[in-house]
Amino acid sequence: MALKIVKGSIDRMFDKNLQDLVRGIRNHKEDEAKYISTCIDEIKQELKQDNIAVKANAVCKLTYLQMLGYDVSWAAFNIVEVMSSSKFTYKRIGYLAASQCFHEGTDVIMLTTNQIRKDLSSPNQYDTGVALTGLSCFVTPDLARDLANDIMTLMSHTKPYIRKKAVLIMYKVFLKYPESLRPAFPRLKEKLEDPDPGVQSAAVNVICELARRNPKNYLSLAPLFFKLMTSSTNNWVLIKIIKLFGALTPLEPRLGKKLIEPLTNLIHSTSAMSLLYECVNTVIAVLISLSSGMPNHSASIQLCVQKLRILIEDSDQNLKYLGLLAMSKILKTHPKSVQSHKDLILQCLDDKDESIRLRALDLLYGMVSKKNLMEIVKKLMLHVDKAEGTTYRDELLTKIIDICSQSNFQYITNFEWYISILVELTRLEGTRHGHLIASQMLDVAIRVKAIRGFAVAQMATLLDNAHLLTGNTQRNGICEVLYAAAWICGEFSEHLEDPMQTLEAMLRPKVATLPGHIQAVYVQNAAKLFATVLRKHDGETESQAAQETSQLLIDRLPLFVQSANLEVQERASCILQLVKYIQKLQQKNVEVAEEVTALFAGELNPVAPKAQKKVPIPEGLDLDAWINEPPSGSESEDEKPKAVFAKEEPKHSRSRHTEVDEKELARRREVRKQEQASNPFYIKASPSSQKVYDAPGVEHIPVVQIDLSVPLKVPGMPMSDQYLKLEEERRQKEKAERKKKEKKKKREKRGKERKADSGPESEEDITPAHQVDIVTEEMPENALPSDDDDKDPNDPHKALDIDLDKPLADSDKLPVRTHRPEVLKSPAEDRDGESVPQETKKKSGKEKKKDKEKDRKVRCRRIQKKMLCSIETRLNQLSWFPVQKSSKHKKKKQKKEKEEKEKKKKKRHHHHHQHHGDAGGEDSVQNGTVEEEEPLPPMSNYSLLAENSYIKMVYDIQGNHQDESKVVVSVIFENKSDSFLKAMEFNVLDSLNSKLQRPEGAGAHDSLTVPFQLPPGVSNEARFVFSVQSIVMPQKLKGTLTFIVKSDESSTHEKLDFKLHFTCTSYLITTPCYSDAYAKLLESGDLKGSSLRLEGINMPFHHLLARICFHHHFSVVERIDSCASMYSRSIQGHHVCLLVKTTVSIDAKCDEPSLLGNVLDEIKQTFSKC
Amino acid sequence: MIKAILIFNNHGKPRMSKFYEHYTEDTEQQIIRETFHLVSKRDENICNFLEGGLLIGGSDNKLIYRHYATLYFVFCVDSSESELGILDLIQVFVETLDKCFENVCELDLIFHVDKVHNILAEMVMGGMVLETNMSEIITQVEAQGKMEKSEAGIAGAPARAVSAVKNMNLPEMPKNINIGDISIKVPNLPSFK
């Protein structure tokens, strides 16, 4: 035998192992893919062999290939095979492979349920450990449901190694099977106080993960965590707890108050930076949550900021980074305490580490005030110049814009300065953020009326120098700016100094190289400028300038008419025709300026980005209704512009080209204005909103004259710097003035106004250079409140939002599938598709789910059957129970029985495989291992039979489905000695009523040989069949076990006497019963009643039921609130019905009173024990 | 939660990858490539945190990494993990490897990736930190190693001999993961011991 193994391994050692594979791949650098494909072929061959070692080796190699990116899911079944090896070495390889490549879609996963269950209860802790580790990676909802109970049992395992793994994996189980959270939670809570620090840490870990997602459900644990925090010394645990508190405090400010002190102590005492950092973080969270109601904890803030400063000043980049990160959290609520560290943060902008620079930038965002904005931006502008790498520079650019534009330009006192900054930014090479700058320019020019003159001048310069921006086609990101420039110049052309020149700049041939949408804007705005020029020269007869302008347009526009871009083409040709027509009129000396200007009349107002979304649907508007019914007569509000036209010139308007005179135009404009006023979709300057936004009113604001004596461009100096200087001067001057003068009315007014918009900032000394009117974005009237819900409906954590403080209800039970109490539908009802009338809706929903489950199981059975034949032989060890090897002929017989049963099953639909697990331990042996048979739950029915110093025997008696006069006694023999036990013989003194089944030909007093030997410390199980005649009475049988104890020196004969106790319970078989059949049974009147009261029971009702189910082989028929009906059947067909009430009285009925009496006595006994 | 643990070398070759969420093999490779790209272009003495791996998880996630000689150890974690704690954990991991392999170098990881997985399994389970105490980890790893040896028993001997012979002509590789000379600054490592 040993020789054979050695020979096998010699054969094997020339197989390629993992190391050889790796070496091979390294040696075939050129044709790696080809080499690997030959290796995969080899692996496929190896997987076909029977030798588990070869298979494990192959799977090991596959795991490596998986890492390299090869799909190995085709070998999933082989992985399952290797997982089920009895050797730890191979098992581990199998589980590793499974954890790397199994996922919810892997269909063989359902074959693993029993294997995993077996490994979980393996006596070897590493088998269990490896199974738990593997399961944590590929647990599915099905596995979670089926194994939740087993894992929960492991949470109280004797070995901390198992306990901690079991506790950790519960989180994954909760995620996949949220129903398990409530029943498992009490035990999880218990583990917070486990004596082993590892287990404790695991429990903290799991609860922190849970609480992070749904903190409010865990508030009640706060005292416990508080205790842990003050007592624990494990930094890892402390960090987790402190992080958890950070999540809890926003919900419970009182908790925060309590926390401050111990946290502060920790901050002072700990040497671990990680702990310090988390403490600071949580203190910040506490302070944020307190900031609303509480007086200030300035000492704590100071402490935090001080500690963070130490972190930021540390030479370790990691600490610096985290310090900045935490600082930004303080910034939100206590900006002032951070602002005092501006120096430090600005210093970080110079750091060589980009992440740190970015963090510092984030901080700057919150640190600006009216006072320091210019200064900070100046510094940033310097960085923009220095920055290498476009990403960082782009980041700077967006940050500058963010900082300046935040909260509606709150901190900008001088918009001229801002415009110059924007213009300076356009000189950035290769930025992607042209559109950002452009939108800022537009925003400012539109919303700040006072700045338009300046903006237009700047934009005109930009347009004039457009070649600088577009010189390099690579940098076309920036040419977006021209879009804004052209539009601003056009729209606010009345401010232009020299519109003619700008017009000329806009029509240069080079413009044609710009992107289409920009050209389109150019063309459109050229027309606006044209109108302005005409108006300027209005009144001058035979104005040379006006005609020159027309000519210029007529000369240049054809270039755009040829554009490939449709938008450009269309606009250009329209305008070209218009201009040609105007030119004709000009030549006739007709006054056209007014009319052309009218084309572009009207004010444009900014609109909030969400405005469109927020327009409420008007009452009575049905968007699904026909638009054309009733036809044309009605004035749908959507079609206002059309309707105007139709009203004025009924029917003929389109066919007639009337020359409209000025009056007519004016009238139309008036009508249109009115229409617009009543049209909710037209965005206009509504008088009401104007009132709100423009409270100060432009006219009343004293506008400080722009000192244009300062040249806009100072050679060698960025012009925005000028403003900085000017600003400083201005501020000083103002200060001086204020000292001299008494406050005048205007000033008072201004002061008030300033207070209103600058909030509590103490910046009284700064008055804006331009009192600007920042037009707020418009929203439609009666806009709908925001309905944005950011929560992801697919978040798996949503399901875990479960109230854990409620006492466990009956429904909160982990599925111990053997005894799962459920209401069964009779087949008849199934057909009708009706649900049991008493059931609530909720229950029927559950039922449906279960049906689905069953469907799935049927499907999975099919797959299993297919695979069954191939693996039955190899996977014998998968079976939960040790195989009874003694009776070969019996096996055959049982196979037959199995077939019969299969047929029965078909008749009885598909419910039953869940039920005979408990009584049919024997079946599972032959059922071929991978069947989803029920093993005994770890709490066991086995009771002690006899024990001496060598051997211990425990036994359990179960009825046999198939034979009404037979019961099976399973005896587990455990060798307690250091010697070998062999030649065990089992004998029982038969009584008249009960007899041990002996093989044919054996005498009535012959003993049975136990079909195995026991090495030291090993246990094994054997079964003995007894025939019984009457089952109404319990019975005791005397018996003897003889065996030989063989140690090194000697061997001795030993004998052990025992008494087998056949209880009446052992004749009962768990049998499912339909509620309607049950009702009929009770109605029939054949049953005789009896009742029992249990005293002093204080366990939850569902525990009580579970115990009755488990120990006395009952099944729950139905449970309604406070009572449950239960059913069982004896092997001889007696019906036993129980009605159990929460008052722990049991009413029982049975067709055999003495059997019933005995069963009730036994139940009573069971509960008196506990 | 830890979302993924990746080890790759200076050239981006994966030496071990462990994903605690399911991705297809292609996505996994992409993630490794992307992570390598992000991490490798960073200088030596800048901070070890990176925000925004695009493929794994979203904005909540961070990459926390350490670079030892030829290898990068990258942990992708979400906001429930303490950054410095994870850095320490990486250190514990590497030191454990160093103990288990006796002066670990890239070659050990190349040829014994299964062993690395087994060691990791004693530290992190299903994305959650299981054990941070190095001696406890080593005890468990060694106990399992012993079990493996006892199972191989007499039959394992010839195979071991052959593999020893095979290993003799390994190409010379610098044995330089030696964490001793890298002098990693772990601000609070003693706290775990």
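Colleague: How many bridges join strand S4 of chain A to strand S8 of chain A, and do they run parallel or antiparallel?

Modeller: Good place to start, and please keep in mind that this is a predicted model. In general, the strands of a sheet pair through backbone hydrogen bonds, either parallel or antiparallel. Here, S4 (residues 980-988) and S8 (residues 1035-1046) of chain A run antiparallel and are joined by seven bridges. To see one pair, find Leu981(A), whose bridge partner in S8(A) is Val1045(A).

Colleague: Which strand is joined to S4(A) by two bridges?

Modeller: That is strand S6 of chain A, residues 1008-1009, which runs antiparallel to S4(A). Look for Glu985(A): standing opposite this residue in S6(A) is Thr1009(A).

Colleague: Now for a whole sheet. What is the order of the strands in the open sheet of five strands in chain A?

Modeller: Reading across, chain A has S1-S2-S3-S7-S5, with antiparallel pairing. At the edges are S1 (943-947) and S5 (994-996) of chain A, each of which pairs on one side only. From one strand to the next, the twist averages 30°. At the S5(A) edge, three bridges join this strand to S7 of chain A (residues 1019-1028), and the two run antiparallel. There you can spot Lys995(A) opposite Ser1027(A) in S7(A).

Colleague: And what is the strand order in the open sheet of chain B?

Modeller: The chain B sheet also consists of five strands with antiparallel pairing, in the order S2-S1-S5-S4-S3. S2 and S3 of chain B are the edge strands, each pairing on one side only. The twist in this sheet averages 15° from one strand to the next. Inside the sheet, S1 (residues 2-9) and S5 (residues 71-77) of chain B run antiparallel, joined by seven bridges. Ile5(B) is a handy landmark, as this residue stands opposite Phe75(B) in S5(B).

Colleague: Let's turn to where the chains meet. How much area is buried between chain B and chain A?

Modeller: The size of an interface is often given as the accessible area lost when the parts come together. For chain B and chain A that area is about 6500 Å², with 56% given by carbon and sulfur atoms. Of the area that chain B buries against chain A, 10% is supplied by Glu25(B), Met125(B) and Met128(B), more than any other three residues. As for residues, the contact takes 71 from chain B and 70 from chain A.

Colleague: How many salt bridges and how many residue pairs in polar contact are there between the two chains?

Modeller: Between chain B and chain A there are eight salt bridges. Arg212(A) forms a salt bridge with Asp78(B), with the closest N and O atoms 3.0 Å apart. The count of residue pairs in polar contact between these chains is 30. Several elements of chain B give two or more residues to the side that touches chain A, among them strand S2 (14-19), helix H1 (25-40), helix H2 (83-101) and helix H5 (134-168). H5(B) gives the largest share, 15 residues. By type, the residues on this side of chain B divide into 30 nonpolar, 20 polar and 21 charged.

Colleague: How many salt bridges are found over all chains?

Modeller: A search of the whole structure finds 44. A case within chain A is Glu81(A) with Lys55(A), whose side chains meet at 3.1 Å, N to O.

Colleague: Why does that pair tie together parts that are apart in sequence?

Modeller: Check which helices hold the two residues. Glu81(A) lies in helix H5 (residues 76-83) and Lys55(A) in helix H4 (residues 52-67) of chain A, so the pair links parts that are 26 residues apart in sequence.

Note on methods: Residues are numbered from 1 along each chain as its sequence is written. Chains are lettered from A and ligands numbered from 1 in the order in which they are written. This is a predicted model: local features need pLDDT of at least 70, side-chain atom pairs count only at pLDDT 80 or more; totals for chains, interfaces and linings use all residues. Side-chain values use heavy atoms; hydrogens and water are left out. Contact means heavy atoms within 4.5 Å. Buried area is the accessible area (1.4 Å probe) that two parts lose on being put together, summed over both. A salt bridge is a side-chain nitrogen of Lys or Arg within 4 Å of a carboxyl oxygen of Asp or Glu. A polar contact is a pair of N or O atoms within 3.5 Å; within protein, one must be able to donate a hydrogen and the other to accept it, and residues adjacent in sequence count only if both atoms are side-chain atoms. Helices (H or I, at least four residues) and strands (E, at least two) are DSSP runs, numbered from the N terminus. Ala, Val, Leu, Ile, Met, Phe, Trp, Tyr, Cys and Pro count as nonpolar, Asp, Glu, Lys and Arg as charged, and the others, Gly among them, as polar. Two strands pair if DSSP finds at least two bridges between them. Axes are lines fitted to C-alpha atoms, for helices over the stretch in contact, and angles run from 0 to 180 degrees between N-to-C directions.
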